Amino acid sequence: MNKSIKLSFYGGVEEVGRSCYLIEKGDKNIVLDCGIKLGEKVEHPEIPKDKIKSIKEIIISHAHLDHSGYLPHLYSDGYSPKIIATKPTRDLMGVLLSDYRRIQKEPAFSQKDVDECMKRVYMTEYGSIKSQFEYTLFQAGHIIGSSMIRIEESGGILYTGDICMRNTRVLEGCKRGVNAENLIVESTYGSKEDILPGIKEEAGRMIELINKTLKEGGSVLIPSFAVGRAQEILLLLDDYMQSGALTKVPIYVDGMINKVMRIYRHNAIYANEDIKRKILMSDYDPFNSKNFKKPKTKDRSDVLQEPCIIVSTSGMLSGGPALYYLEKLAPDPKNMLLFVGYQAEGTRGKKILDGEKEIELGENKVKMNMKIESIKISGHADYREIVQFIHGVKGLKKVFIVHGESKDLGEELEKKYEVIFPKRGEEFVI
Ligand SMILES: [Zn+2]
Ligand SMILES: [Zn+2]
């Protein structure tokens with residue numbers, strides 16, 4: 001007898017954060033991603049208790065906490081499902097989950113729970129795999145090791161995770177033209193006005209801004225997320241510096257980024273051909289370039305002795321060494337703060353971007369006299385690219401739109417497909 005497939009949405013719908021979707025067939029089940037939503041408070045996916053108990057396997061599309069952060073919570077609650085991920089995803093999760101525990105005022109789980117989680121990860125490659133279900137992993141182009149997942153049921157159920165269509169410094173764009181009747185697609189940039197400029201133009205603008213600041217004797221602070229964005233930005237800066245287009249000054253790398261750079265290096269086989277060739281055929285290692293420096297002293301006093309570029313966590317200036325540099329650099333109008341990533345509502349980064357002239361850093365109030373700039377280089381597909389990606393899926397009938405809140409995609413796609421914006425807790429039989 002042909003058992004039907006049930007698809008349930010527990011988070012990551014009408015929002016970015018806590019992605020979590022369950023696929024069931026008879027007594028078989030698999031969860032796609034298991035994330036949290038980080039904001040003023042941490043929000044969890046809303047999985048019913050009786051379902052949590054029965055979860056057998058969880059497959060993680062990529063390491064970002066909005067896709068993996070709920071795993072140690074499950075372990076601390078006494079559940080121990082098998083976890084499936086690529087090697088880079090496993091390595092990066094180890095760092096990100098430990099850091100997530102560290103930043104909680106009252107951690108909801110222990111480092112032992114993180115370690116237990118890591119032990120339960122079954123590592124897999126891109127390509128076809130069989131567990132309870134048959135499924136195939138495809139390159140997603142978003143961060144190293146990121147995957148799209150197709151479950152080979154009901155004519156194919158393709159889950160994109162987070163995708164990037166463009167080739168970037170580190171990665172090739174996501175796989176296109178996959179066969180699937182059903183699609184669960186991310187829509188971070190799902191509004192019609194979400195059109196990103198080309199990487200080349202935006203990188204050119206960034207280099208110009210930095211050169212100008214350095215020429216005037218100022219330094220540049222680039223707050224960045226540790227995984228994905230930091231590597232793209234650092235390799236870009238290094239390339240431009242090698243070619244002579246970017247003024248030669250030290251590029252200081254501080255915070256968790258250094259650990260993540262090592263993981264990228266260890267997993268370079270997952271990077272694009274250009275990087276693999278450089279590593280294999282020359283002495284040059286793009287993840288450990290001579291242009292990158294680490295602070296030599298604990299108090300970082302060696303860093304700001306001369307004009308320089310600093311790339312440091314955290315990306316939204318909510319913590320991390322970036323705050324130390326911000327305090328030092330903010331009062332002088334010669335310096336520049338350059339945002340390279342999204343700034344969420346309520347964060348210090350967003351307040352600065354909105355023009356606040358004085359900010360609180362711990363006990364101190366700091367005058368924001370430095371220049372503030374922002375460039376748009378993203379690890380996600382923009383509106384046009386999502387539409388293009390969806391039209392490229394072969395045999396597509398049903399589209400579930402997740403990981404975003406815009407309804408614009410509906411209008412564009414309804415003529416051709418059945419388009420669904422699931423609500424949290426909703427179930428569908430497909
Ligand atoms: Zn992501
Ligand atoms: Zn995400």
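1. A quick definition before the zinc site: donors here are N, O and S atoms within 2.8 Å of the metal (3.2 Å for Na, K and Ca), and water is not among the atoms, so sites may look incomplete. In sequence, the donor residues of the zinc ion (ligand 2) follow the spacing D-H-x94-D-x240-H.

2. Ground rules: this is a predicted model, where local features need pLDDT of at least 70 and side-chain atom pairs count only at pLDDT 80 or more. Residues are numbered from 1 along each chain as its sequence is written, and side-chain values use heavy atoms, with hydrogens and water left out.

3. Which protein residues hold the zinc ion (ligand 2) as donors? They are Asp66 (OD), His67 (NE2), Asp162 (OD) and His403 (NE2), at 2.1 to 2.2 Å from the ion. The angles among the four donor atoms run from 92 to 161°, and the site counts as irregular because four donors are tetrahedral if all angles lie between 85 and 135 degrees, or square planar if opposite donors are over 155 degrees apart and all others between 65 and 115, with anything else irregular.

4. Asp162 also does double duty: it bridges the zinc ion (ligand 2) and the zinc ion (ligand 1), which sit 3.5 Å apart.

5. Buried or exposed, what about His67? His67 is buried (under 20% relative accessible area, 1.4 Å probe, protein chains only), at 0%. Asp162 is buried too, at 2%.

6. Ser19 is buried as well, with 0% relative accessibility. Its contacts (heavy atoms within 4.5 Å), leaving out residues up to four places away in sequence, include the donors Asp66, His67 and His403.

Conventions:
Chains lettered and ligands numbered in written order. Tetrahedral: all angles 85-135°; square planar, octahedral: opposite > 155°, others 65-115°. Buried < 20%, exposed > 50% of the residue type's maximum accessible area, 1.4 Å probe, protein only.
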